[in-house]
Each structure stands twice: as C-alpha cells, then as structure tokens.
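Biologist: I've got a new model open on my screen and I'd like to talk it through. Can you walk me around it?

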Amino acid sequence: MDLDELIHNCQKGNRQAQAELYRRYSGILFGMCLKYSRNKTEAEDNLHDSFMTIFDKVDQFSFKGSFEGWIKRITVNTVLQKYRKDQHLNVISENTEDEIEVDTEDVDISLSTLLGYIQELPHKYRLTFNLYVLDGYSHKEISDMLGTSTGTSKSNLARAKAILRDKIEKAKINIA
C-alpha cells in the first residue's frame, strides 16, 4: 500500500492502516521522543501520546508537503505540550550568556555516552539544546514552542552547552 492510500485509510479510521502507519514510523518517532525524554520509559509514553495525536489529527493532513515532516512536528509539539503542562519548563533566568563551544576533538567519547549526557540535562536545557542543535530550529521558533523569550532560549542553550562541556572535560580527565 502506498503512503497516500495508507493516509486515506487512516483518515477513515481503518485500524489496520493505523497499525501499518505505526510500524512504518514508530522507529523514527521513538528516536525523536528519546531525544526529548529523560529515559526510555518516558520516551515510550511520549511516543504513545504522539501517535494518539497523529491518529486524532490525521484528517487534517492536506497532502501538501512531507507527511513525515508533519508527524515529526506533531511529535515534537506533543512532547513539548506535555512538559509545559507538567510545569517542567519554568523560567529561571533570562540572562543571555556567550555562546559556548563544546570541543570533543581531544577526547574519544562514544555517541551513546554523549547522548546519555544530553538526556541527563535538565528539561528546559535538553529541549532547547535538541531543538536548536539537533533539529535546527531558530531561537525565535524555540521560544514560540516553549512559551519563553528568545533570550531565555539563548541562555538555556548556553547553559546546556556549558553543562555538556563540563561533563566532557571530566571524561577527558578520567581517560587521561
């Protein structure tokens, strides 16, 4: 079944089509959920909530643009909405710090270790870091999504980078 037919069948509420859509995209969307979650269990919950929203809103897809892009955007928004609702995004400071670069050239750090460090970041820092660095959103877009100011987005990114830099520096010391 091609993608357009699959989407049309999902719009009609066909459970088999929904199951197929889940099989096709759950891996990609789980990876996104994992980026924004503290652990695997939370990511699984976020994936479930995202698919519930996708199935609820699939009739709004207008077949303009990428369907994968559309469901990714729903996933990010679903996760962010959950964190906003749960009060995980309280603003602490709007001080804009200088950009901090994380240098990993002199240290041999595995991708899984680096992703672990990212997952350990406080919610607001992890969300901002992932949206900006990994997903390419602007500070304006991030501030709109998180309901904060652009300055807060920049500050949160700088703080996330500082925390990651410190963790990587400690890893360098432990390796040496």
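What follows is a chat about this predicted model, from the whole chain down to single residues.

Biologist: Let's start broad. What is the pattern of the protein chain, read along the sequence?

Modeller: The protein chain has eight helices and zero strands. Read from start to end, that gives the pattern α-α-α-α-α-α-α-α.

Biologist: And what percentage of the 176 residues is buried?

Modeller: A residue counts as buried when its relative accessible area is under 20%. In the protein chain, which has 176 residues, the buried share comes to 40%.

Biologist: Of the contacts with a separation of 6 or more, what share comes from residues 24 or more positions apart?

Modeller: Contact here means heavy atoms within 4.5 Å. Taking the contacts in the protein chain with a separation of 6 or more, the share from residues 24 or more positions apart is 70%.

Biologist: What about the outside: how much of the exposed area do carbon and sulfur atoms supply?

Modeller: The protein chain exposes about 9900 Å². Of that area, carbon and sulfur atoms supply 47%.

Biologist: On to α1. Why do its buried residues line one face of the helix?

Modeller: Helix α1 covers residues 3–11, and L6, I7, N9 and C10 are buried there. Look down the axis of α1 and these buried residues line one face, because they fall within an arc of 160°.

Biologist: Which helices are among what covers those buried residues of α1?

Modeller: Just past the end of α1 sits G13, with a positive phi of about 85°. As for the cover over the buried residues of α1, it includes α2 (15–36) and α4 (67–85).

Biologist: Zoom in on C10 for me. Which residues is it in contact with, leaving aside neighbours within four places in sequence?

Modeller: C10 belongs to helix α1, and its relative accessibility is 3%, so it counts as buried. C10 and E20 are 10 residues apart in sequence, and their C-alpha atoms are 9.4 Å apart in space. With neighbours within four places set aside, the residues in contact with C10 are A17, Q18, L21 and V58.

Biologist: Same question for T78: what is in contact with it beyond four places in sequence?

Modeller: T78 lies in helix α4. Its relative accessible area is 11%, so T78 is buried. Beyond its neighbours within four places, T78 is in contact with D49, S50 and T53.

Biologist: Now α6. How many of its 12 residues are buried?

Modeller: Helix α6 reaches 15 Å from its first C-alpha to its last, close to the 16 Å expected at 1.5 Å a residue. The buried residues of α6 include H123, Y125 and F129. The rest of the structure largely encloses α6, because the number of its residues that are buried is nine.

Biologist: Which residues form a nonpolar patch on the surface?

Modeller: One member, V133, is in helix α6 (residues 123–134). V133 counts as partly exposed, because its relative accessibility is 38%. The patch has about 230 Å² of accessible area together, and its members are Y132, V133 and L134.

Biologist: Let's do charges. How far apart are the closest N and O atoms in the salt bridge between D135 and K35?

Modeller: The structure holds eight salt bridges. This pair links distant parts of the chain, with D135 in the loop between α6 and α7 (139–146) and K35 in helix α2, 100 residues apart. D135 counts as partly exposed, at 26% relative accessibility. In the D135–K35 bridge, the closest N and O atoms are apart by 2.5 Å.

Biologist: Which residue forms a salt bridge with K72?

Modeller: An α-helix has 3.6 residues a turn, so residues three or four places apart point the same way. K72 and its partner both lie in helix α4, four residues apart, about one turn of the helix. K72 is partly exposed, with a relative accessible area of 29%. The closest N and O atoms are 3.2 Å apart, and the partner is E68.

Biologist: Last one: which residue forms a salt bridge with D144?

Modeller: D144 and its partner are about one helical turn apart, because they are four residues apart in helix α7. The closest N and O atoms are 3.0 Å apart, and the partner is K140.

How values were computed: Residues are numbered from 1 along each chain as its sequence is written. This is a predicted model: local features need pLDDT of at least 70, side-chain atom pairs count only at pLDDT 80 or more; totals for chains, interfaces and linings use all residues. Side-chain values use heavy atoms; hydrogens and water are left out. Buried means under 20% relative accessible area, exposed over 50%, partly exposed in between (1.4 Å probe, protein chains only). Helices (H or I, at least four residues) and strands (E, at least two) are DSSP runs, numbered from the N terminus. The arc is that of the directions from the helix axis to the C-beta atoms. Patches are made of residues with over 30% relative accessible area and no salt bridge: like charges are joined within 9 Å, nonpolar side chains (Val, Leu, Ile, Met, Phe, Trp, Tyr) within 5 Å. Accessible areas come from the Shrake-Rupley method with a 1.4 Å probe; for residues, only the protein chains shown count as cover. A salt bridge is a side-chain nitrogen of Lys or Arg within 4 Å of a carboxyl oxygen of Asp or Glu. The expected span of a helix is 1.5 Å times one less than its number of residues.
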